[in-house]
Amino acid sequence: MEAKLAVIRGDGIGPDIVEQALLVLHKIEEKFGHKFHCQDVLAGGCAIDAVGNCLPQETIDVCKAADAVLLGAVGGPKWDTLPGGERPERALLGLRKELGLFANLRPAMIFEALAGASPLKAEILEGGLDILVVRELTGGIYFGERGTKDTPMGPAAYDVEQYSEGEVRRIAKVAFDMAQKRNKHVTSVDKANVLDSSRLWRRIVAEVAKDYPDVTLDNLYVDNAAMQLVRNPRQFDVIVTSNIFGDILSDEASQITGSIGMLPSASLAVGNFGMYEPIHGSAPDIAGQDKANPTATILSVAMMLRYTFGLGAEADAIENAVKAVLAQGLRTPDLFTGEGKLVGTQEMGAAIAAAI
């Protein structure tokens, strides 16, 4: 098959890790006979430096014309003094809105070779961990009405949390569809004891659940869900939740695995289009030093092959290669504990490509 990819290398370590992900993708091309036409575009701080805008219209146009987008990372302290609406991170919100990326998939799994890196006790994680957080990405408080006003206590700022039935229904369907392919269990997380938006959320999720009689649905308040993730994470299969709650809980879940540098993500639109990126940040302090872990970005490529292009065997090949390299003892600095072989960004990428 042939496909078009928009590639946003971004800031900090973004170019370092994307380069290795593309190396692995090229190996998939060679092995399976595919062709991916990649076009580089700018977003984030590098775009501000180049054209004065964190998300140029050209980038939006190229991304819309592509079959998928591969993103490294954006942002860094260099641009922290800019007004909120002009900072590099606004490019992410803009891309989600312009591309209709309403469903964020964040897997949190523990690789057997890295089980000791988790901060949780071994008995809590016995048998492994594989959670998928499905986060609504284009609604809620991040996209709601916002502003400032005067109050008796002085100037105040507000951000509105709002969800429509349609927004909740479509993200719930994604979660239940994913659960049907996994362990048939969805946990919906809200704050329905306090928030009207959460009461609507819970009602619509329950309606969607009726169409999936083979999937079990549980409901948890967000504060209890946060506690349960560290108390008994193996009870979860698919977690579906709002934009802000998903932002927080998916980061918590990633820390349970002990290695944020290992976890990919997908942001999906209606249909097969998606943007794929690691969940970690731009880490500018180690940019260009051959110290970054490219594995999360490489695994994001595997998610892209699976979810956008339906190439399950190719995705499996990448994931199995990662497991094989970890089993061999190769470790980037973020994973190295004194055992195994310390390697840099390029050697880790080359090893994973070679293992395919």
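**Helices, sheet and cores in a predicted model**

Good morning. The axes of helix 1 and helix 9 (residues 295–307) come within 8 Å of each other, and they cross at roughly 45°. That angle makes helix 1 oblique to helix 9. Please keep in mind throughout that this is a predicted model.

Let me stay with this pair for a moment. Helix 1 passes helix 9 in a right-handed crossing. On the helix 1 side, the residues that meet helix 9 are Ile17, Val18, Gln20, Ala21, Val24, Leu25 and Ile28. Their counterparts in helix 9 are Thr297, Ile298, Val301, Met304 and Leu305.

Helix 1 has a further partner, helix 11. Here the packing angle is about 15°, and the axes are 9 Å apart. Helix 1 is therefore roughly parallel to helix 11, since angles under 35 degrees count as roughly parallel. This crossing, too, is right-handed. Asp16, Gln20, Leu23, Val24 and Lys27 of helix 1 meet a group in helix 11 that includes Thr345, Gly349 and Ile352. You may notice Gln20 and Val24 in the contacts with helix 9 and again in the contacts with helix 11.

Which residues of helix 11 are buried? Within this helix, residues 345–354, they are Thr345, Met348, Gly349, Ala351, Ile352 and Ala353. Their cover includes helix 1, helix 9, helix 10 (312–327) and strand 13 (330–331).

I turn now to the sheet. As general background, the strands of a sheet pair through backbone hydrogen bonds, either parallel or antiparallel. In this model there is an open sheet of 10 strands, with mixed pairing, in the order 2-1-3-12-11-4-5-10-8-9. At its edges are strand 2 (35–40) and strand 9 (216–221), each of which pairs on one side only. From one strand to the next, the twist averages 25°.

Both senses of pairing can be followed from strand 5. With strand 4 (residues 103–109), strand 5 (residues 130–136) pairs in the antiparallel sense over 7 bridges. Within strand 5, Val133 is the bridge partner of Arg106. With strand 10, by contrast, strand 5 runs parallel, and 4 bridges join the two. Val133 appears here as well, standing opposite Ile239 in strand 10.

Strand 10 is also joined to strand 8 by 4 bridges, and these two strands run parallel. In that pairing, Val189 stands opposite Thr241 of strand 10. How do the side chains of strand 10 point, and are they buried or exposed? Val238 and Val240 point one way, Ile239 and Thr241 point the other way, and all are buried.

Helices pack on this sheet. Helix 5 (residues 165–180) lies across strand 4, strand 5, strand 8 (185–190), strand 9 and strand 10 (238–241), and runs at about 165° to strand 5. Helix 3 (residues 57–65) touches strand 1 (2–10), strand 2 and strand 3 (68–73), and its direction makes about 150° with that of strand 1.

Helix 3 has a helical neighbour as well. Its axis and that of helix 4 (residues 90–99) come within 11 Å and cross at roughly 45°. These two helices are therefore oblique to each other. Ile60, Cys63 and Lys64 in helix 3 meet Leu95, Glu98 and Leu99 in helix 4.

What fills the interior? The largest nonpolar core has 66 residues. Those with the most contacts inside this core are Leu105, Val134, Met304, Leu305, Phe309 and Ile318. Helix 5 gives the largest share, 8 residues. If we leave out residues up to four places away in sequence, Phe309 touches Met1, Ala3, Leu5, Phe36, Asp67, Ala68 and Met304. Apart from this core lies another, of 23 residues, among them Leu55, Cys63, Trp79 and Ala269.

I shall finish with one residue, Asn272, in the loop between strand 11 (264–268) and strand 12 (274–278). Why does Asn272 count as exposed? The reason is its relative accessibility of 52%, because exposed means over 50%. Asn272 and Ala68 are 204 residues apart along the chain, yet 8.5 Å separates their C-alpha atoms. Beyond its neighbours within four places in sequence, Asn272 is in contact with Tyr307 and Thr308.

Thank you for your attention.

How values were computed
Residues are numbered from 1 along each chain as its sequence is written. This is a predicted model: local features need pLDDT of at least 70, side-chain atom pairs count only at pLDDT 80 or more; totals for chains, interfaces and linings use all residues. Side-chain values use heavy atoms; hydrogens and water are left out. Two strands pair if DSSP finds at least two bridges between them. Axes are lines fitted to C-alpha atoms, for helices over the stretch in contact, and angles run from 0 to 180 degrees between N-to-C directions. Contact means heavy atoms within 4.5 Å. Buried means under 20% relative accessible area, exposed over 50%, partly exposed in between (1.4 Å probe, protein chains only). A nonpolar core is a set of buried Ala, Val, Leu, Ile, Met, Phe, Trp, Tyr and Cys residues joined through side-chain atoms within 4.5 Å. Angles under 35 degrees count as roughly parallel, over 145 as roughly antiparallel, 65 to 115 as roughly perpendicular and the rest as oblique. A crossing is left-handed if the near helix is turned anticlockwise from the far one by less than a right angle, and right-handed if clockwise.
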